[in-house]
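Here are my notes on this one, as promised. Have the sequence and the model open while you go through them.

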Amino acid sequence: MSSAVGLAVGFLAAFLQSSSYLLSARYVRLSGRPSWTLLPPAFLLMAPGALALVAATLPLARGPVPWGAALLPAALSTVFCLAANATMFRLLKRVDASLASPLLGLKVPMLAAFYSFALARPCTAAQWIAVALVVAATAALAVAGRRLSAASWGWLLATCAGFSAADWLIGETFGAVAPAFPDFGPRALFSLGYIYLTSAVAAAFALPFCPTMPHAGWLRWAAPYAAVWFGAMAALYACFATCGVVLGNIVQNTRGLISVALGLAVARAGRTELEERVSAAVFARRVAAALLLLAAVALYALGGD
């Protein structure tokens, strides 16, 4: 896969991830069910795709696969990913996806603090400038339309913390399987499959404790979300495998800008139960803030030593 195709796949991942936020908002606002109940059926439905990835990449292993060494970071990544999705659903019940998605850029200050103070890996001056830009862009977004409540801020920060921890643990999973997969591409795709297999196992254990979802609900709610979310992750990791993690993360963060555009399209289509109508001035401020966040993420990714 060429770099140009890899970038195209990265933009596809950003579009699919933005779309998944609309699908989850649709569930939490219209289904009448507790927001977390989408997770067990949806992540269970991702099992075939995860198994297919593992089966496709196993022949590329150049040594014994360290299943046991990779299990702990993969399982912990699953825990934080599921928790972050659950808090994201709570956020989307209160905040439109077009606003929530770019606000996930708050992961940058959290990751900077984690690496600097917990792992003693100081950030560069460029990365601290990126952190300041994220804070400025977040402040601009917070007043671009409906104000976020204290509860919404709480769910947003919990979501960013959960996804930040999951991202770090995904990196640890990459490291654990590296002896068997010295080439980064197969390593990334195998890790994705392995992590989502552990997610499916967790979902299978959780499903009996989840209120029963009728067959029609699986088709209407769980299957579309599962297909779009897993498709986004597969496209993202394919982008990582081709273009590297730094460039892939920058491309992924175009999702904020895409979400703002999708929000406008959804509102204009009359689906105001999912996205509120905003004035041209508010839309322009959201676009500007999303662009600033994208620039900050790029500066953070490229500004490391």
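**Notes on helix packing, the pocket and the cavities**

1. Before anything else: this is a predicted model. I'll begin with the enclosed spaces. The largest cavity holds about 80 Å³ of space, and the count of cavities of 30 Å³ or more comes to 2.

2. What surrounds the largest cavity? Its lining is made up of S101, P102, L104, G105, N253, R255, G256, A290, L293, L294 and V297. By class, that is 6 nonpolar, 4 polar and 1 charged.

3. Which helices are behind that lining? At least two residues each come from α5 (97-103), α12 (255-268) and α13 (280-302). The biggest share is from α13, which puts in 4 residues.

4. The second largest cavity has about 30 Å³ of space. Around it you'll find S20, Y21, S24, N85, M88, F89, Y225 and W229. The split here is 5 nonpolar and 3 polar, with no charged residues in the lining. As for helices, α1 (3-30), α4 and α10 (215-243) each give at least two residues to this lining.

5. Now the open space. How big is the largest pocket? Its volume is about 1200 Å³. A total of 44 residues line the largest pocket, and the ones nearest its centre are L111, Y115, D167, V245 and N249. If you want to find the pocket on screen, those five names are a handy place to start.

6. Plenty of helices take part in the lining of the largest pocket: α1, α4, α6 (107-118), α8, α9, α10, α11 (245-252) and α13 each supply at least two residues. Top of the list is α8, with 8 residues. Sorted by class, the lining of the largest pocket has 27 nonpolar, 11 polar and 6 charged residues.

7. Two helix pairs deserve a look as well. Take α4 (residues 67-94) with α8 (residues 150-177): their axes come within 7 Å and cross at roughly 160°. Angles over 145 degrees count as roughly antiparallel, so α4 runs roughly antiparallel to α8. The crossing of α4 with α8 is left-handed. In the contact of α4 with α8 there are 21 nonpolar, 7 polar and 3 charged residues. Both helices also turn up in the lining of the largest pocket.

8. The other pair is α9 (residues 184-206) with α10. Here the axes are 8 Å apart and the packing angle is about 155°. That again makes the two helices roughly antiparallel to each other. Left-handed or right-handed? The crossing of α9 and α10 is right-handed.

9. Who touches whom between α9 and α10? On the α9 side, the contact uses F184, G185, A188, L189, L192 and Y196. On the α10 side, the residues are W229, F230, M233, A234, Y237, A238, F240 and A241. The contact of α9 with α10 comes out as 13 nonpolar and 1 polar, with no charged residues.

10. One residue to flag before you close the file: W229 of α10. W229 is part of the contact with α9, and W229 also helps line the second largest cavity.

How values were computed
Residues are numbered from 1 along each chain as its sequence is written. This is a predicted model: local features need pLDDT of at least 70, side-chain atom pairs count only at pLDDT 80 or more; totals for chains, interfaces and linings use all residues. Side-chain values use heavy atoms; hydrogens and water are left out. Axes are lines fitted to C-alpha atoms, for helices over the stretch in contact, and angles run from 0 to 180 degrees between N-to-C directions. Angles under 35 degrees count as roughly parallel, over 145 as roughly antiparallel, 65 to 115 as roughly perpendicular and the rest as oblique. A crossing is left-handed if the near helix is turned anticlockwise from the far one by less than a right angle, and right-handed if clockwise. Ala, Val, Leu, Ile, Met, Phe, Trp, Tyr, Cys and Pro count as nonpolar, Asp, Glu, Lys and Arg as charged, and the others, Gly among them, as polar. On a 1 Å grid over the protein atoms alone, a cavity is a set of points where a 1.4 Å probe fits but cannot get out, and a pocket is an open set with protein on both sides within 12 Å along at least five of seven lines; lining residues have an atom within 4 Å of a point. Grid points are joined across faces, edges and corners, and a volume is the space filled by probe spheres set on the points. Contact means heavy atoms within 4.5 Å.
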